Amino acid sequence: MSYDTITLVWFFLLGVLLTGYAILDGFDLGVGILHPFIAKDDRERRLVMNSIGPLWDGNEVWLVTFGGALFAAFPNAYATVFSSFYAAFHLLLTCLIGRAVSLEFRSKVHSTAWRRFWDTGFFLSSITAAALLGIAGGNVMAGMQVGPMFRYEGGLLDQLYWYPLLVGALTVSLFALHGSIYLFLKTEDELQQRVRSRILPLFYCFAGLYAVVTIATWLHVPHATETLTRHPWLWIVPVLNALAVLNIPRAMHLGKPGYAFFTSSMVIAALASLFSVAIFPNFVLSTIDPAYSVTLENARSSHQTLITMLWIALIGMPCVASYTITIYWIFRGKVQLDSNSY
Amino acid sequence: MMDVELLSRLQFAGTIMFHYLFPPLSIGLGLQLFLCELAYVRTGHPAWEAAARFWTRVFAVNFAMGVATGIVMEFEFGTNWAAYSRFVGDVFGSALAAEGIFAFFLESGFLAILVFGWDRVGPKMHLFSTLMVFLGSVFSAVWIVIANSWQQTPAGYHIVWQEIQGQSIPRAEVTDFWAMVFNPSSVDRLTHTLIGALVLGAFFVASVCSFYLLKQRHEDVARRCLSIALPSALVFTLLAALTGHDSAQKLVDTQPAKLAAMEAHFETTDQPTGLYLFGWPDAENETVHFGVRVPWLLSLMVYNDPGKPVPGMDQIPESDRPPVWLPFQTFHLMVGLGTMMIVLAALACWFWFKQTYQNHRWLMWSIVLMPLAAMTANQAGWITAEVGRQPWIVHPSVQNGVEMMGLRTKDGLSESVTAEQVLSSIVLFAVIYSLLFAVWIFVLNHKIQHGPESIEELESHKRTRSASKLSDQIRHGGTGRGGGLMDEEL
């Protein structure tokens, strides 16, 4: 396989990892965002938390593997992106730690104050993590102040302007919507009815932001549409995406929540693909001078490492798929509490 | 004005040491848990089931802490050590990615069954899941120690000068993947690290169970677990000494500066080299205060030859010398604690098999404290390894007779990160980690004070479960869905 081909293959595989992460951790971040608004007593809170209990850790591994793969396949991109988002990523880490320990510790002690503390932590860390992921994505999408030799010349405040903030809001609403459909699948009776009543408002919220961000991207990020102009067949992605968005309320209306969940997963996949198409062939476009951009070509590892890594991925991914499916199969059906639950 | 290098090193040291409280216990306790469960599957005795369920709960709390603090490490390479990441990405990145794919997915997947699956899968499937989680945590150690070993004794690579925007910058690229994986120190360092973790796990179980015996609680479960934990503590502490010795012997060829620092050996002579049992090294004056030295012992330890002199720090160019005081003290602390653990484990095993262990309360109390010794020894060993590698973040090496450049720690920092940024993230971590540490101790203590369920409790849970399954079946007219235990019992 030629050096350029395998570079593209790795760009694609990173896209797969990012999409997998967004779909899987998307619903459990969404559950975290929704849980104070949906559960009304302690039992319901535990039901909501335990709906993602056995799954969230594995979902987060997608992010860790994405980070590792980016490090290995495109070290310059990893180094520039991670050091540019110094403050934002430290905050993101705080949130990821906060989520893990809130879930783990919340139900270990019988005390209202103790549980309320971790409930608040779970909500705040979930919503902030979702927003930060969106904000980071928005910045990468729009380009960043990368100077000579990949040195970032901006700061946190340069990353918090209207466009990334809008993308952050879109991400929060998308994950909340995705999480609500997931919760609908996992709950029963009264709790399920309450979840049901939240889905449509969340959908309107998401659809509104989706429209706004699309227009904003058109105006603010002209290079995002360049690849689409060059390869018109790629228009199929945004068109399918819009159809998929509309299909969510339709599927719920038809009484097919599983189909609705599949559709919201596809919406996430389509958005992740649009993101990849928009930034290609850069990882980070420099807003100072395009010559300073971090591109696929100047960020990649050696030919041999990309080949070795492909072997690792080819051996590893079937294993990962087999036990991911096993776990989701074993924990299928409605969530229930037993002596092993959180 | 603080400098970015010092702060970034402090942040990395602090976050990795905090993280390293948890994974060794996950690995070590994972094995003990597997052995208890194996005993349960083979004998079917409910006391073994109670033991396995109890260790699972302790394991889960610890594992969550390991996951939460572990993600930090992966991000930090990029946030704080961007130049380093560019230099080693081709090598180090692939090990990290392999860790993600081979280890983390395996662990996190089967952890779900281990923790939440007790009533969803059969005992054999559950045992298999426990084994997979243990193997996953071992694989994780394998890849990360390989990556770290490559920084200490690089192999299977060459330096390539990349043209970027008219400047050329060097980076390491893999030429031989397996030579990189099996670099000169990986196997020794990996076995020593893993055994350090198994020692901790064995002493942790022995400690909790000895505590129960001292307090006359859960005695049946405690005795059963001790019969596994004490012999494994003895075997693993002995193996730790053996693998440690192997590791140290290699240093004279691969990292002589580290060896000289560990032993505070400043001056090369043509006489046999002695070994300090303890002392207070003073690198400035190249001497050791209050030291007690055994003649020719270092020569014997390093070369298996009491007559052959060991090269000292004077053979190393001044700019390439690591600090001496810290590696010396942490190395001696580790060896001292290791020796103490061997003696105590041997005594405990001896009395255990004579069935008089419970007559020696001082020994039982000492065993209760041993997890602290094992944890300290694990940390001290890593401080020795990492501080002894300075001033290099990637050690220079010779490949096929060609000298390869290393990377100095000060050249590995992120170009765009300021001291203020690092200082604020250190404060952030200090706050969060202190809180986490307090909560972890609190919850762990809570779990240990509660202890395993009694056999009657276990039976009554089973009855409730089958009753609720039955009522569920009647209610839904379909497959059983348990929903009985609405509040947590533990």
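# Reading a predicted two-chain model

User: In this predicted model, is Phe290(B) buried or exposed?

Analyst: A residue is called exposed when 12 or fewer other C-beta atoms lie within 10 Å of its own. Phe290(B) has 8 C-beta neighbours inside that distance, and it therefore counts as exposed.

User: Which element holds Phe290(B), and what is its phi?

Analyst: Phe290(B) belongs to strand β4 of chain B. Most residues other than glycine have a negative phi. Phe290(B), which is not glycine, departs from this with a positive phi near 50 degrees.

User: How many bridges hold β4 to strand β3 of chain B, and which residue is the bridge partner of Asp282(B) in β4(B)?

Analyst: Strand β3, residues 275-282 of chain B, and strand β4, residues 287-294, pair in the antiparallel sense, and the count of bridges between them is six. The two strands form a hairpin with four residues between them, and in that turn Glu286(B) has a positive phi of about 50 degrees. Within β4(B), the bridge partner of Asp282(B) is Thr287(B).

User: In the hairpin of β1(B) and β2(B), which turn residue has a positive phi?

Analyst: Strand β1 (residues 157-164) and strand β2 (residues 167-174) of chain B run antiparallel and are joined by eight bridges, and one of the pairs links Gln162(B) with Ile169(B) in β2(B). Two residues lie between the strands of this hairpin, and the one in the turn with a positive phi, about 45 degrees, is Gln165(B).

User: What radius of gyration does chain B have, and how does that agree with the value for a compact globule?

Analyst: Along its principal axes, the C-alpha trace of chain B spans about 80 × 60 × 45 Å, and the chain contains 14 helices and eight strands. Residues 24 or more positions apart supply 74% of its contacts with a separation of 6 or more, while 51% of its 490 residues count as buried. A compact globule of 490 residues would have a radius of gyration near 23 Å, which agrees with the value for chain B, 25 Å.

User: Over which residues of chain B is the pLDDT below 50?

Analyst: Chain B averages a pLDDT of 87, and 94% of its residues score at least 70. There is nevertheless a stretch with pLDDT below 50, which has 35 contacts in the model beyond near neighbours in sequence, and this stretch is residues 477-490. Where pLDDT is low, the predicted coordinates should not be read in detail, a caution to keep in mind for residues 477-490 of chain B.

User: Which element of chain A has the lowest mean pLDDT?

Analyst: The mean pLDDT of chain A is 88, and 100% of its residues reach 70 or more. Among its elements, helix α8 (residues 162-186) has the highest mean, 93, and the lowest, 79, belongs to helix α10 (residues 226-230).

User: How many residues of the side of chain A that touches chain B are nonpolar?

Analyst: In the model, which scores ipTM 0.85 and pTM 0.89, 66 residues of chain A are in contact with 69 residues of chain B. The elements giving two or more residues to this side of chain A are α3 (56-73), α4 (75-84), α5 (86-106) and α14 (303-330). Its residues divide into 25 polar, seven charged and, as the class asked for, 34 nonpolar.

User: For residues 305-331 of chain A, how far apart are the end C-alpha atoms?

Analyst: An unreviewed UniProt entry annotates several stretches of chain A as "transmembrane region", including residues 233-252 and 305-331. Residues 233-252 are 85% helix and 0% strand, with end C-alpha atoms 30 Å apart. Residues 305-331 are 96% helix and 0% strand, and their end C-alpha atoms lie apart by 37 Å.

User: Which residue does a cis peptide bond join to Phe280(A), and which to Gln390(B)?

Analyst: Most peptide bonds are trans. In chain A, the cis bond from Phe280(A), with omega about 0 degrees, leads to Pro281(A), which is found in the loop between α12 (257-279) and β1 (282-284). In chain B, the loop between α12 (361-387) and β5 (392-394) holds Pro391(B), and the residue joined to Gln390(B) by a cis bond, again with omega about 0 degrees, is Pro391(B).

User: Is Asp189(A) buried or exposed?

Analyst: Asp189(A) is found in helix α9 (residues 189-220) of chain A, and its phi is positive, near 55 degrees. Because 8 other C-beta atoms lie within 10 Å, Asp189(A) is exposed.

Note on methods. Residues numbered from 1 in each chain as written. Chains lettered and ligands numbered in written order. Predicted model: local features only at pLDDT ≥ 70, side-chain atom pairs only at ≥ 80, totals over all residues. Rg over C-alpha atoms; globule rule 2.2 N^0.38 Å. Buried ≥ 20, exposed ≤ 12 C-beta atoms within 10 Å, placed from the backbone. Contact = placed C-beta atoms within 7 Å. Pairing = 2+ DSSP bridges. Nonpolar A, V, L, I, M, F, W, Y, C, P; charged D, E, K, R; others polar. pLDDT = per-residue confidence, 0-100. UniProt positions renumbered as here; feature names shortened; annotations may be inferred.
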